[in-house]
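Biologist: I'd like a close look at one helix, please, and then a short tour of how other parts of the model are packed.

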Amino acid sequence: MLPGRARQSGWQGASLVAITYIYFLIFAQFAFLKRLASLGWADDHLKAVMAAMAIGGMLFSLLTARLNLWPSPNLRLRAGLLASGAAALLSLLQLGLVASFGVSFLIGAGLGLLTVTLVTHLRQWTGGRHALLLVGLGTGIGYFVCNLPPFFTAPPEVQTSVAGLLCFAGIGITLLPAPAKLEAAQIAQLRAPSFLRVLVCFAALVWLDSAAFFIIQGNPALKAGTWQGEVHLWANGLLHLLAALASAWLLRRRGLIFVLSAAFLMLGIACLLLLHPSRVLFASIFYPIGVSLYSVALVAYPSLLSPASSAGQRGRQAGWIYATAGWGGSAMGIGMGQNLGHVPPAFVIAAGAVVLIPGLFTALRWRARELALTALVALASFCLYRLVPSANTSAQQSQLERGRQVYISEGCIHCHSQYVRPNTADVLMWGPAETIQDVRLQKPPLIGNRRQGPDLSQVGARRSSFWLKAHFIDPAEVSGASIMPSFDFLFRDGRGDDLVAYLASLHGAGTLKRQEEEAHWHPTAAALAQASFDDGERLFRRYCATCHSAGGRTRWQAGFKRFPPDLTVGPFLHLQPSESNAERMDRLAQIAKFGIPATDMPGHEYLSDKDIASISLWLSQNIRQPIHNQ
Amino acid sequence: MEGFMNPYTLDESERYTPRVIAGTAWHSLLWLVIANSVGVLIAILLLFPGLNKFLGEWTYGRWVMVHMNLELYGWTALPLVGFLFKTYGSDRGPMADWCRPVLWVWSTALTAGAFSWLSGHSSGKLFLDWSGYARVLFPAALFVLWLLLLVSLIRSRNRAENASLAAWATKLLGLAILLAVPFLIYAAAGLNRYPPVNPDTGGPTGTSQLESSLAIVAILLMLPFGIARRKAGHSKAIAAAWVVLVAESLLCASLTRADISHHLVTQYVSLGSLLVWLPLTPVYYGAFQWHNNSRPWRIALLWWWAALIVTGWVFFLPGVLDHFKFTDGLVGHSFIAMAGFTSSFIIFVMVELLGDGGWIFNRARSFYLWHGSVIAYILLMTIAGWREGFDPTFTIVPGLARNCIYALRLLSGVLMLIASIDWFLDASTLLLEPVLSSNSAQTRREKTA
C-alpha cells in the first residue's frame with residue numbers, strides 16, 4: 001500500500017499520460033511501421049493498413065464519450081489499455097494482410113478509447129493540486145523515454161514489447177487507490193478560447209508536426225542531423241522534457257493560445273529550416289520544443305482547461321480533437337510529406353494565419369499603439385535608408401573590395417587579427433609588422449581583438465591562393481589541427497574567390513626582407529636537443545600528411561602548382577645533395593616552419609621550435625636522400 | 001539640486017506607472033537571455049567546431065556579432081532607458097502609455113540588427129556593427145526615445161521636481177546631449193572614423209581608455225541624483241567626487257589623441273589616476289539613501305568596480321598588456337567589465353527603479369549563481385590567457401588543457417544563462433501581477449524613510 005502522501009501526489013495521472021505517449025510514439029508511430037515493413041507490406045498495402053489504424057482511432061475517439069457499456073472511467077480506461085497492449089503483442093506475430101488490418105484497427109481503437117477516457121477523467125488520477133504540472137511531467141517523460149538512446153535504437157520487437165507491457169502496467173496503476181477529490185476551481189479560472197478555434201489550431205499543429213516528422217524520417221541527411229547518434233537523442237529527450245514542463249508552466253501563466261502560438265512558431269521555423277539541410281541543427285532544436293509545447297496542451301485542454309460543463313461534454317470535445325485534429329491532421333501531414341517531400345512556406349504561412357491571426361487581432365486591439373509606432377518607425381527608416389545613397393554598391397567594387405567585405409561579413413575579425421605587434425614573437429610568426437600609417441589607410445582597420453587563429457595581416461606572403469581556397473573549403477583536411485569552420489558555401493557564388501583574392505593581396509613591402517630573415521632562421525640549440533623522433537612522426541601525420549600522403553595528393557591534385565612529392569621518393573627541388581645532415585635538418589626545419597615561397601607549400605609558423613625540430617629530425621631520417629634531385 | 005530628478009517629490013496627482021519600469025526590465029532581460037543563449041552557442045562551437053557545418057552560413061563569426069551587440073544594446077542599454085523614463089517623468093501620467101511602444105521600437109531595431117548580422121551585414125567595427133537598414137533603424141529608435149523624453153519634459157514643466165531653474169536647465173542640457181547620440185552612432189558605424197591606435201598592441205591608447213572610463217565615472221556620479229535621495233551631512237563627499245572628476249577630465253583633455261604606445265609613462269600613469277575611485281566611489285554612494293532591495297547589488301557593483309579599475313590598470317601596464325593582448329586573458333578582463341561590473345550596475349539601477357518589485361533580482365540562488373559563474377569564467381580565461389601569452393598554439397592548435405578550460409567555460413556560461421532565465425521568468429511574473437501598487441511612490445517613501 002502506498003503511503004498517503006505518495007498516493008495524493010497524483011503520480012498515477014502523470015504515469016498514465018507518459019504510458020499513453022510512449023505507446024503512441026514508439027509503437028504506433030514507429031515500431032509498428034517497421035514491423036509492417038518486415039512483414040513485407042509496402043506502398044498501397046502499407047497505406048491501407050495504416051488507414052485502418054486511423055479509422056479505428058477516429059471511430060473510437062468519437063464513440064468513446066457516447067459508450068454506455070462501461071460507465072466507470074476506470075473500467076473504460078482498463079479496456080483501452082488492454083486493447084492497446086494486446087494489439088502491441090499481437091503485432092509481434094507473423095501477420096497476414098487481413099490480420100494486419102485487424103491489429104492496426106485494434107491499435108487505433110484502443111488508442112481512441114484510451115486517450116479520450118484518460119483526458120475526460122484525468123483529474124481522477126492526477127488530483128487537483130498540480131494537475132497541469134503532472135500533465136507536463138507525464139508528457140515530457142513520455143517523450144524523454146522514447147528518445148533514450150538504448151530504447152530508441154532497440155529492435156522494433158523490443159520497443160513493441162515494452163510498449164505493450166507498459167499498457168498492462170497502466171492497468172495496474174488504475175487498480176491503485178485514486179488521489180483525493182479534485183480542487184477544480186484552481187484551474188477553471190483560466191480563460192479558454194472557443195472550442196472551434198482550439199480544434200483548428202490543434203489540426204494545424206499536428207499537420208505541421210506529422211509532415212516534418214515524415215520528411216525527416218525519409219531524408220537521410222535530415223535524419224542524421226536530428227535524431228541519429230546518442231548526442232542528438234539525449235539532446236532531443238531533454239529538450240522535450242524541458243519544453244513540456246515549460247508548456248505546463250506557460251499554460252498556467254499565459255494561457256492556451258499563447259502556448260499554441262509559441263508551438264506554431266517553433267514548428268513553423270523548424271519546417272522552414274528543414275528546407276535547407278545545412279540548417280538542420282537549428283531545426284532539431286525548434287522541432288522538439290514545438291512538439292512538446294502543443295503535446296502538453298493536447299492533453300491539458302480537454303482534461304483541465306476546457307470550459308466544458310460536464311464529463312460528457314469534455315469527452316465529446318476530446319473525441320473531436322483527437323479524431324479530426326489528431327488522426328485527421330496526422331494523416332494530412334504524412335500525405336504532404338509523402339507527396340511533396342517538404343512543407344511549402346505558403347502552407348506554413350497559412351497555418352500561421354490559422355493559429356496566430358486571432359491572437360494578432362487581439363494584439364491589434366490591445367497593442368495598437370505599439371504596433372503603429374513600430375510600423376511607422378520601421379517604414380520611415382526604410383524610406384530614409386533607400387533615400388541615402390550607399391557609398392559603393394558591390395557592382396562598382398573591385399574584387400579586393402568585395403573580398404574585404406566578405407571578410408567583414410563573416411566576422412573573421414573575431415578569430416583573426418590583422419596586426420603584427422612590433423618587437424614581439426608575432427614578427428617571426430606572422431610578420432613583418434606594418435606601420436600605423438599603413439593601418440590607417442584601411443577603411444576601417446580590421447585589427448581584431450582576439451586570436452582563435454593566426455594573424456592574417458601578411459597572409460598573402462605565407463599562403464598561396466590555392467591553399468587558401470582549399471582551406472576555406474575543408475579546413476581540417478588541409479591543416480590537421482584547424483578549428484575553423486568550413487566556408488565552402490562562399491564558393492557557390494563569387495564570394496569565396498573574392499575573399500581568397502583579398503587575403504592573397506595581404507602582404508606588405510617587407511616581404512623580401514622577411515624571406516631573407518626566414519632563410520637565416522635556425523631552431524635553437526635547446527630545441528634541437530629536445531627534438532623527438534616519435535613526436536616528429538606524430539606531427540608529420542597531423543600537419544604534413546594532409547598533402548604529402550597518397551590521399552592528400554589525390555584530394556587536391558588538380559589545384560597544386562606542383563604536385564607535393566612523396567617524401568619517400570622525391571624529387572626535392574629545395575634540398576641540395578651536397579648538404580651535410582645537419583644542414584639538411586636545418587633546411588627542413590626552415591621549410592616546415594615557413595614553407596616555400598611562391599609555391600603551395602605553407603609554413604607552420606605557430607609551432608614551437610621543439611616541434612619544428614622534431615619534424616625535421618623525423619623527416620631527415622625518413623625522406624629519400626636528395627641525391628636524385630632533378 | 002535638492003528637487004532635481006527626485007522621484008520622492010512627485011505631484012501625487014500624477015502617479016507612477018510601475019509597469020513602465022517593469023516592462024523595461026522585461027525587455028532588457030529578454031535580450032540578456034537571448035544574448036546569453038547565443039554566448040552558450042559560440043562556446044559550444046569553440047569546443048566542437050565540427051558543429052559549424054550544421055549552421056549553414058550562420059557560422060561562428062556572425063554569431064559573435066549577435067552576442068556582443070545584443071549584450072550591449074539590449075541587456076545593458078535598456079535599463080538606462082528605464083532610468084531616463086523615470087528621470088524625465090515619462091513613466092507618469094499619460095506619457096506612460098508611450099513608453100511601451102518606444103520599447104517595442106527599440107527591440108524591433110535590435111531584432112533587425114541581429115538578422116542583419118546573421119545575414120552577413122556588418123561595418124566591421126566592434127560594437128558598432130550596424131550596417132544597411134539596421135544602421136538607420138537603430139538610430140531612429142534612439143530618436144523616438146528622445147522625442148518621448150522631450151515631450152515628457154515639456155509636459156512636466158510645472159511639476160515640483162522641475163520647479164527650480166537648475167533642474168530644468170540640467171534636464172534640457174541632458175536632452176541636448178542625448179539628441180547627438182543617434183547621429184553619433186550612425187556616424188561612428190561608418191567606415192571613415194577609427195579611434196587612436198596603440199602602435200605596440202593595435203588596441204586602444206591609454207588616453208582612449210581614460211576617456212571612456214571617465215564617462216562611466218560620470219554616469220556613476222550622476223545616477224544617484226535620478227533615483228536616490230541624499231543623506232544629510234554628506235555634501236563634502238559628493239563635492240569631492242565631482243571635483244576629482246573635473247580634475248581628471250582636465251588631465252585627460254591635456255593628453256594627446258595621437259596613436260601612442262602604452263609604454264609611455266604618461267599613458268599608464270594617467271590611466272592609474274583612476275585608482276583614486278577605489279575609495280571615493282563607496283564613500284560617494286554612501287552619501288545617498290538607497291532602497292533596501294538594492295543592497296546586495298550595490299555591494300556587488302562596488303566590488304566589481306574596484307576589480308575593474310585595478311585589473312584595467314594592471315592589464316594596461318607595459319609587459320602585462322604585451323603578454324595578454326589578443327589572448328583569452330583580455331576576454332576575461334572584458335568579462336569583469338560586462339558581466340561583472342556593468343551587469344551589477346544595471347541590475348542595481350533596475351532594482352532601485354523597481355523598488356519593491358526589485359525582488360525579482362534578489363533570489364539568493366540566481367545572485368550567487370551569476371557571480372560564481374562570472375568569477376569562474378574570469379579565472380578560466382585568465383589562466384588560458386596566461387598560457388596563451390607564452391604559446392599562441394595553446395589556442396590555435398587545441399589540446400587537452402585548452403579543451404578542458406573551454407568545457408568549464410561552457411559550463412559557467414550555461415550557469416549564467418540559467419540565472420538570467422530565472423530573472424526573466426520572475427520579471428514576466430512581475431509584469432502579470434496586478435499593478436505593483438498604483439500609489440507606490442507613497443509606499444516607497446514610507447519604506448525608505
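Modeller: Happy to! The expected span of a helix is 1.5 Å times one less than its number of residues. This is a predicted model, where local features need pLDDT of at least 70, side-chain atom pairs count only at pLDDT 80 or more, and totals for chains, interfaces and linings use all residues. Residues are numbered from 1 along each chain as its sequence is written, while chains are lettered from A and ligands numbered from 1 in the order in which they are written.

Let's take helix α30 of chain A, residues 581-594 (helices are DSSP runs of H or I, at least four residues, numbered from the N terminus). Its 14 residues reach 20 Å from first C-alpha to last, close to the expected 20 Å. Because 10 of those 14 residues are buried (20 or more other C-beta atoms, placed from the backbone, within 10 Å), α30(A) is largely enclosed by the rest of the structure. The buried residues of α30(A) include Arg584(A), Met585(A), Arg587(A) and Leu588(A). Ala589(A), Gln590(A), Ile591(A), Ala592(A), Lys593(A) and Phe594(A) are buried too. Among what covers the buried residues of α30(A) are α26 (511-519) and α31 (609-622) of chain A. After α30(A) comes Gly595(A), with a positive phi near 75°.

To place this in the chain, an automatic or database assignment splits chain A into domain 1 (1-182), domain 2 (189-222 + 245-295 + 336-396), domain 3 (399-510) and domain 4 (521-622). Taken over C-alpha atoms, the centres of domain 2 and domain 4 of chain A are separated by 55 Å.

Elsewhere in chain A, Val135(A) sits in helix α7 (residues 131-147). Val135(A) is buried, since it has 31 other C-beta atoms within 10 Å. Leaving out residues up to four places away in sequence, Val135(A) touches (C-beta atoms within 7 Å) Val17(A), Ala248(A), Val296(A), Val299(A), Ala300(A) and Leu304(A). Gly13(A) is 122 residues from Val135(A) along the chain, yet their C-alpha atoms are 7.5 Å apart.

Finally, the two chains meet. Their contact takes 53 residues from chain B and 52 residues from chain A. On the side of chain B that touches chain A, the elements giving two or more residues are α2 (60-76), α4 (99-118), α5 (132-155) and α15 (393-396). Of these, α5(B) gives the most, with six residues. Ala141(B) touches Val377(A) as well as Val105(B), Trp106(B) and Ala109(B), again not counting residues up to four places away in sequence.

Definitions and conventions:
Two residues are in contact if their C-beta atoms, placed from the backbone, lie within 7 Å. A residue is buried if 20 or more other C-beta atoms lie within 10 Å of its own, exposed if 12 or fewer, and partly exposed in between; C-beta atoms are placed from the backbone.
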